[in-house]
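The following exchange examines side-chain contacts and surface exposure in one protein chain. Please consult the sequence and the coordinates while reading.

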Amino acid sequence: MIYFDNSATTKIDRRVVDVMLPYLYESFGNPSSKYYSLATTAKNAVEEAREQISLLLGCEVDEVIFTAGATESNNMIIKGVMELYGGDNPHLVIGKAEHSSVLETAKYVESQGVKVTYLNVDRYGRVNLEEFNDCLSLSPTLISIQWGNNELGSINDIEYISRRCEEEKVFFHTDATQVVGKIKISLNEIPVKFLSCSAHKFHGPKGIGAAIIRKDTLGIRTKIAPLIHGGGQENEYRSGTHSVHNIVGFGKAAEIALSEQPDAADILEQLEKNLKSKLVSMFSEVIHFNSDDHNKIPGIVNIQFKGINNELLIKKVSDRVAISTGSACSSSKPSHVLQSIGLPLNEVRNSVRVSLSKENTIEEIDEFCSFLSGK
Ligand code: PMP
């Protein structure tokens with residue numbers, strides 16, 4: 001099976017599995033228990049992972065809050081900020097091409113009385129910066145804009161956006177799920193206030209992620225209302241017994257990504273170029289790329305095959321190749337991301353996403369292309 005659906009999830013790295021296994025069996029203690037060694041071993045493992053993740057993101061160790069994944073982090077940050085800081089005129093601003101876990105959370109808070117502004121995006125899914133700046137002058141409670149898009153790969157200018165939010169004293173959150181582990185991130189150099197990410201998008205385990213909640217300039221923790229109440233783990237931000245094996249795996253995946261990311265990005269850029277040039281040479285009459293060539297996450301390519309239904313195409317190749325119509329989290333509906341960039345429904349229905357990983361090869365690309373051509 002050729003796996004070209006790495007934006008949906010990635011194969012866990014063998015080295016990650018190896019460090020996780022002891023925490024499922026021998027070292028099964030609860031890190032919140034006290035005094036005996038099974039507990040302290042688990043606690044130390046959680047803290048080591050927290051440090052590995054902080055190194056990958058370039059933030060402080062105690063700014064990393066473990067969650068069950070990016071969907072939870074997005075919910076927790078958006079609801080938690082709106083609840084605590086919304087006041088009499090709660091106002092949330094998001095982009096139209098956000099992941100469903102941001103869009104649906106926005107719809108939920110809207111149903112609870114929050115004003116939500118949806119920023120238009122350009123033809124590649126990047127937010128319209130003029131509209132963003134206009135919104136800033138209204139002093140919204142929170143602006144949430146994804147770092148990289150999961151269907152098109154386009155990257156927003158998060159440095160500029162976060163600086164402008166800081167200048168105007170507006171809270172800024174970014175859903176960085178698709179970029180963490182794939183591009184260099186240095187949170188200590190930019191004023192991103194909140195960030196969401198997930199381990200399974202960069203060869204870590206599923207069901208574990210983080211909400212990064214930055215401290216203020218005086219080093220004081222930024223409070224938000226918790227989403228899950230209980231025993232007060234994670235400094236009261238997120239209660240519940242830690243999933244130690246998953247946290248350990250997340251930490252290892254972060255350590256690997258930090259050391260191998262520059263090489264992985266090169267590999268992915270080469271693979272992407274190779275794929276595009278082969279597709280153009282073989283299908284020049286019917287092909288169009290919805291995704292940009294530049295300023296993007298390497299390895300994500302969104303392709304339109306004119307007149308060919310995407311579901312039928314995916315089914316046709318599904319014995320040998322895994323590709324998708326777009327986000328696995330909203331795969332039953334036509335992509336809202338492609339609609340937000342202005343594609344008519346018939347073109348949305350002719351579009352597929354190929355998302356590569358550093359483990360894919362040129363041979364797999366050759367096989368995919370010849371399979372597509374019916375050979
Ligand atoms: N945001 C983006 C941009 C994503 O691509 C995804 C995963 N499809 C999520 C959030 C949700 O992540 P998780 O699977 O960890 O809940």
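Q: Is Arg353 buried or exposed in this predicted model?
A: The cut-off for a buried residue is a relative accessible area under 20%. Arg353 has 1% relative accessibility, so the side chain falls on the low side of that limit. Arg353 therefore counts as buried.

Q: Which residue meets the side chain of Arg353 in a salt bridge?
A: Arg353 belongs to strand S12 (residues 351-355), and its partner is located in the loop between strand S1 (2-3) and H1, 348 residues apart. The partner is itself buried, with a relative accessible area of 12%. The N to O distance is 3.2 Å, and the residue is Asp5.

Q: What separates Glu272 and Lys276 in terms of helical turns?
A: Glu272 and Lys276 form a salt bridge whose closest N and O atoms are 2.7 Å apart. Both residues are in helix H7 (residues 244-283), four residues apart. Because of this spacing, the separation is about one helical turn.

Q: Are Glu272 and Lys276 buried or exposed?
A: Glu272 has a relative accessible area of 6%, and Lys276 has one of 11%. The limit for burial is under 20%, so Glu272 is buried and Lys276 is likewise buried.

Q: Which residue forms a salt bridge with Lys278?
A: Lys278 lies in helix H7, whereas its partner lies in helix H11 (residues 362-372), 88 residues apart, and the pair links distant parts of the chain. The partner counts as partly exposed, at 34% relative accessibility. With the closest N and O atoms 2.6 Å apart, the partner is Asp366.

Q: Which residues are joined into one network by salt bridges that share partners?
A: Side chains of opposite charge can pair when their charged atoms come close. The structure holds 22 salt bridges. Where salt bridges share partners, one network results, and its members are Asp13, Arg15, Glu260 and Lys358.

Q: Why is the pair of Tyr85 and Phe171 assigned its ring geometry, and what is that geometry?
A: A pair of aromatic rings is described by the distance of the centres and the angle of the planes. For Tyr85 and Phe171 the centres are 4.8 Å apart and the planes stand at 70°. Planes over 60 degrees apart meet the criterion, so the pair is edge-to-face.

Q: How many residues apart in sequence are the parts tied together by Tyr85 and Phe171?
A: Tyr85 is partly exposed at 34% relative accessible area, while Phe171 counts as buried at 19%. Tyr85 lies in helix H3 (residues 70-85) and Phe171 in strand S6 (residues 171-175), so the parts tied together are 86 residues apart.

Q: Which residues do ring pairs link into a cluster?
A: A search of the whole structure finds seven aromatic pairs. Ring pairs also build a cluster, which consists of Phe66, Phe202 and Phe250.

Q: Where does the charged end of Arg320 sit?
A: A charge over a ring must be within 6 Å of the ring centre. Lys79 lies over the face of Tyr108, at 5.0 Å from the ring centre. The charged end of Arg320 is 4.0 Å from a ring centre, and that ring belongs to Phe371.

Q: What accessible area do Leu21, Leu24 and Tyr25 have together?
A: Leu24 lies in the loop between helix H1 (14-20) and helix H2 (37-57). Leu24 is partly exposed, with a relative accessible area of 47%. Leu21, Leu24 and Tyr25 form a nonpolar patch on the surface, and their accessible area together is about 350 Å².

Methods: Residues are numbered from 1 along each chain as its sequence is written. This is a predicted model: local features need pLDDT of at least 70, side-chain atom pairs count only at pLDDT 80 or more; totals for chains, interfaces and linings use all residues. Side-chain values use heavy atoms; hydrogens and water are left out. Patches are made of residues with over 30% relative accessible area and no salt bridge: like charges are joined within 9 Å, nonpolar side chains (Val, Leu, Ile, Met, Phe, Trp, Tyr) within 5 Å. Accessible areas come from the Shrake-Rupley method with a 1.4 Å probe; for residues, only the protein chains shown count as cover. A salt bridge is a side-chain nitrogen of Lys or Arg within 4 Å of a carboxyl oxygen of Asp or Glu. Helices (H or I, at least four residues) and strands (E, at least two) are DSSP runs, numbered from the N terminus. Buried means under 20% relative accessible area, exposed over 50%, partly exposed in between (1.4 Å probe, protein chains only). Rings of Phe, Tyr and Trp (its six-membered ring) pair if their centres lie within 6.5 Å; planes under 30 degrees apart count as stacked, over 60 as edge-to-face and the rest as tilted. A charge sits over a ring if NZ of Lys or CZ of Arg is within 6 Å of the ring centre and within 35 degrees of the ring normal.
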